[in-house]
Amino acid sequence: DEAPLRAQCTKHGGTVISDGWDDVEKTHLINFLIATNKGAFFDGTKALTSDDHEDANAVAQLIIQEIEHAGPTNVVQVVTDTCSVMKAAWKIIEAKFPWITCTCCAPHVLSLLIHDIAKISQVAAVIKKTKKVLNRFWGRKRWCRSKLREVVMRNHKKNLGLYRAAATRFAGVVREMGRMLRLKADLKYVVDLPAYAQQNFRKKRGEGGGDDDDDDTDGEGGVRAIVLDDAGFWSPMLAALKVLTPIVKLLRLCDGEKPAMGKVYDRMFLLSQKAMEVKVPWATAAAEKIATRWEYLHSFMHGAGYALDPEFLENTMQWDAATTNGVMEMIERICLRDAIMENTEGHTDPQKEITTQSEVVVNKVAQAELELAKYKNHEGILSKPSVLANAKQMPPAQWWDLYGANLPILKRVACSVLDQVVSASGAERNWSVYGRIKHKGRSRLGHEKADKLVYCHEALHLRKKLQKAGFKNKLEKWESDSDSDQSSDEEDYMV
């Protein structure tokens, strides 16, 4: 079932993604998946014993074993979480396999960025008030929830309510605020009804205080006062959404199925720009947090992705040092991988070790850099207006396949970079499958059998996905700013 993906890994390289988890027996497991933009396939789990240590060297050796199992030249990237142990393990992996680049999970970093911004005092105050309103309309008093649904159905002709995110959901607070802003007029209408004032919202019978005093202990007023306060609640919420919603859109792009490696660099720059455009006192603090997280996330792979993504072909003369260094570094690494693959096929002396200093690699790199100069200057076919127009319309792989024939080495580098995923969420979702298979009722299920059952589940899911996709090269309009899970709630403030 995973044969098409394995073939893709052999051609352009794949990404090893990994994550840790404790099962119902508190056995610590580490899973491994091989991923490209075409999908990911489960490659097994490792159960740690009392003899295993989770230091950098031990973690690196586990990942190295997986790379060797998958085929070293079939892997060009490793994506994991961002703990200090993993970052130390990356250095060991890259030292052993110089053509492999280790990066951190982009959605994980973006989720941390949202938490960073949520800690800014002004944003934290809005979130706190949002939670108060949610608690009122999702609380034990059913009247508020039922009345709001009646009003929303009458006004919007659809069954909508306030959204309450699960604790583990990425950026759930942003969707909570987006839905609340969408139902702003309805909320105001409900809390201003005489029937609302007659409700008893006390937490326990016999407690003193007014009808709306259950959340008035901090001096911010009750829910009614919050909902009717445009300047103190709705305006700050709108400002917070203008900063946070672009982050959520990028998070979903990174966690989706569309190629995102070439988009991260540009979108992170735009996040800082959009934050500074919001006229609030905390905009500078938000921009600084975005810059800090981008420095945390940035790698050679992201810089090369931006340089080689045809969407940004018109910006080639504006590359900064990080972009140039990234594309030059990835050219050297991919050329080294290709030379090693050719060496194993008998094109050169199989006894001779291939390094970045080898003549065959140096020649490949030099030729790729000549092609990069042509690409940067839009020479030959790249000067045609239709090519520039299609650069923004076509998926990157299709664009390079159509127009990259005169740049064969750079084309291979571009496809190897742009075909990689930027997220390790597939490994995290795999644990959800594992948890449904080995639960409390099946706690005696052995690790090996559970591993096989998870593999069968993932293989069937992958086969269904591949059959649906058909692996057909359909030319579709490429809308890089859109995402499949876009919530209209988060866009209402733009109207």
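This is a short walk through one sheet and two unusual backbone positions.

Keep in mind that the model is predicted.

Let's begin with the sheet. Five strands make it up, and the sheet is open. Read across, the order is β3-β2-β1-β4-β5. The pairing is mixed. Now look at the edges. Which strands stand there? They are β3, residues 39-47, and β5, residues 101-104. Each has a single partner strand, so one side of each is left without a neighbour in the sheet. From one strand to the next, the twist averages 25 degrees.

Next, one pair inside that order. How do β1 and β2 pair? They run in the antiparallel sense, over eight bridges. For a landmark, find Ile17. Opposite Ile17 stands Leu33, in β2.

Stay with these two strands. β1 covers 14-22 and β2 covers 28-36, and the loop between them holds Lys26. What is the phi of Lys26? It is positive, about 65 degrees, although Lys26 is not a glycine. Is Lys26 buried or exposed? Its relative accessibility is 66%. The cut-off for exposed is over 50%, so Lys26 counts as exposed.

Now move along to His378. Where is it found? His378 sits in the loop between α16 and α17. Helix α16 spans 359-377, and α17 spans 385-391. Phi of His378 is near 60 degrees. Again, that is a positive value in a residue other than glycine.

To recap. The sheet is open, with β3 and β5 at its edges. Lys26 has its positive phi in the loop between β1 and β2. His378 has its own in the loop between α16 and α17.

Terms used
Residues numbered from 1 in each chain as written. Predicted model: local features only at pLDDT ≥ 70, side-chain atom pairs only at ≥ 80, totals over all residues. Heavy atoms only, no water. Helix = DSSP H or I, 4+ residues; strand = E, 2+ residues; numbered from the N terminus. Buried < 20%, exposed > 50% of the residue type's maximum accessible area, 1.4 Å probe, protein only. Pairing = 2+ DSSP bridges. Axes fitted to C-alpha atoms, helices over the stretch in contact; angles between N-to-C directions.
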